[in-house]
Amino acid sequence: MYMFSKRLNIEYEPNELSLLYNLKKNHGERIFDLTSSNPTKSNFKYDKHIIKHFIDERSLVYEPDPKGLLTAREEVANYYSEVGKEVQVEDIFIVPSTSEAYSYLFKLLLDAEDEVLIPQPCYPLFEFLTKLDLGNVVYYPMVYDYRDGWSPDFVMLEKKISPKTKAIVIINPNNPTGSYIRENDYENFNSLSEKYNIALIVDEVFSDFEIEAGENTLKSVAGCKSNLTFVLNGFSKMLALPQMKFGWILIQGEKKLKEEAVKRLEVIADTYLSVATPIQYAAKRLFETREKIQQEVLGRIKENYNLLKTKFLLNPDIKVLNCQGGWNAILNFENMLVPEDEFVLRLLDKKNVLIHPGYYYDFFSEGYAVISLLTDTDVMKKAIDLMSE
Ligand SMILES: Cc1ncc(COP(=O)(O)O)c(C=O)c1O
């Protein structure tokens with residue numbers, strides 16, 4: 001047992017929900033699965049020519065560059081210019097995915113046991129990512145107001161800052177709360193960054209998937225003035241192509257800090273040189289598919305979100321929380337009489353509807369569930385009817 005690193009001392013057994021799901025599947029039962037987040041298995045019409053863009057003779061030559069090929073970085077800069085943001089090509093690092101971007105940044109910023117502030121609730125990836133790089137996660141609360149939606153609780157956040165805090169993660173829009181960052185919130189984050197000398201990591205993988213962003217929200221912080229900020233994005237969500245493994249880190253902030261960060265990040269990236277050449281040459285043509293695939297995905301997520309809102313509007317037990325963007329929606333079960341995990345198990349057992357309990361996403365109290373807006377709309381309709389019975 002002690003042969004292995006403690007960072008992997010985690011729960012390995014499948015939980016009751018996945019056991020029941022597999023049992024039902026093996027019995028050939030039809031499950032109304034509201035949890036699937038794999039866009040490539042969600043019946044979207046992808047441009048089949050995408051695959052041809054990988055045939056490029058330039059890929060036969062190995063041109064290692066820690067920041068990634070210049071042509072690929074230029075395409076990323078071009079994307080920002082298309083969405084009205086001005087960024088510099090030399091501030092961009094190409095990485096295989098945003099998950100790996102976090103790993104690079106944690107190596108850049110953390111020593112063992114250092115702390116990373118993560119929003120709560122939040123997608124359960126970040127705790128693993130932090131632990132794998134020997135850091136510790138400290139959660140800061142996001143609070144929900146029926147009129148204003150979600151926002152970070154800065155009083156609590158500041159209390160959680162310690163001498164070990166090295167980074168604050170902001171997810172814009174957050175998963176699963178679907179909330180974009182407000183301009184004044186970004187100012188607050190920056191003040192804390194300056195006051196305590198902490199870097200900001202702004203994960204914008206869902207940024208292009210706006211359902212209805214509120215007033216004074218920032219769809220992207222790229223190009224904004226800051227102390228030291230790393231903006232993350234990639235094809236996984238932006239083009240609904242997680243298998244292509246193309247992401248990036250955009251570095252911005254005070255000149256000296258930025259230069260130091262670039263120098264050190266180059267060493268990390270040069271050690272791994274993980275990004276494959278064919279995807280970097282294909283990037284230009286893949287970016288060109290952005291509008292079409294995003295229209296498809298946005299059409300689906302908006303339709304599902306509106307369906308949930310209208311169908312549950314008069315249901316006294318189920319509230320749909322306000323969602324500004326992203327691929328998930330949150331249901332609040334006002335009168336959940338049993339614990340959340342039991343409730344979700346019963347729903348699967350009795351009605352064959354699968355949803356994720358809020359505690360998967362570290363909600364601070366019981367009574368929440370997260371569902372995927374990528375779900376086929378007919379499946380969503382049927383599941384809503386079953387849940388309303
Ligand atoms: C907010 C957020 N960031 C990053 C990721 C991981 O993205 P990637 O596939 O680029 O590693 C996810 C995955 O769902 C996510 O929800």
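**View 1. The ligand takes up the largest pocket**. Here a pocket is an open set of points on a 1 Å grid over the protein atoms alone, with protein on both sides within 12 Å along at least five of seven lines. A molecule sits in a pocket if more than half of its atoms lie within 2 Å of the pocket's grid points. Keep in mind that this is a predicted model, where local features need pLDDT of at least 70 and side-chain atom pairs count only at pLDDT 80 or more, while totals for chains, interfaces and linings use all residues. Residues are numbered from 1 along each chain as its sequence is written, and side-chain values use heavy atoms, with hydrogens and water left out.

**View 2. A shell of 13 residues surrounds the ligand**. To count as near, a residue needs a heavy atom within 4 Å of the molecule. Thr98, Ser99, Asn175, Asp203 and Ser236 are the closest. By type, the shell splits into 6 nonpolar, 5 polar and 2 charged residues. For that split, Ala, Val, Leu, Ile, Met, Phe, Trp, Tyr, Cys and Pro are nonpolar, Asp, Glu, Lys and Arg are charged, and the others, Gly among them, are polar. Three helices each chip in at least two shell residues: H3 (98-109), H4 (125-132) and H7 (235-238). Helices are DSSP runs of H or I with at least four residues, strands are runs of E with at least two, and both are numbered from the N terminus.

**View 3. Side chains of Thr98, Asn175 and Asp203 reach polar atoms of the ligand**. A polar contact is a pair of N or O atoms within 3.5 Å; within protein, one must be able to donate a hydrogen and the other to accept it, and residues adjacent in sequence count only if both atoms are side-chain atoms. Thr98 has a side-chain N or O atom 2.5 Å from a ligand oxygen. For Asn175, a polar side-chain atom is 2.8 Å from an oxygen of the ligand. Asp203 instead meets a nitrogen atom of the ligand, at 2.6 Å. Taken alone the ligand exposes 400 Å², and the protein buries 90% of that (Shrake-Rupley areas with a 1.4 Å probe; for residues, only the protein chains shown count as cover).

**View 4. Two prolines follow cis peptide bonds**. One of these bonds joins Gln120 to Pro121, with omega about 5°. Pro121 lies in the loop between strand S3 (115-120) and H4. The other runs from Asn175 to Pro176, with omega near 15°. Look for Pro176 in the loop between strands S6 (165-171) and S7 (181-182).

**View 5. Ser220 pairs up with Glu204**. Their side chains share a polar contact of 2.6 Å. Ser220 sits in the loop between strands S9 (217-218) and S10 (228-234). Is Ser220 buried or exposed? Its relative accessible area is 7%, so Ser220 is buried (under 20% is buried, over 50% exposed, and in between partly exposed; 1.4 Å probe, protein chains only).

**View 6. Asn216 and Lys245 have positive phi angles**. Asn216 is not a glycine, yet its phi is about 55°. Its spot is the loop between strand S8 (199-203) and S9, and at 48% relative accessibility Asn216 is partly exposed. Lys245, also not a glycine, has a phi of about 55°. That residue belongs to the loop between H7 and strand S11 (247-253), where Lys245 is partly exposed at 39%.

Terms used. 1 Å grid on protein atoms, 1.4 Å probe; cavity = no way out; pocket = protein on both sides within 12 Å on 5 of 7 lines; lining within 4 Å.
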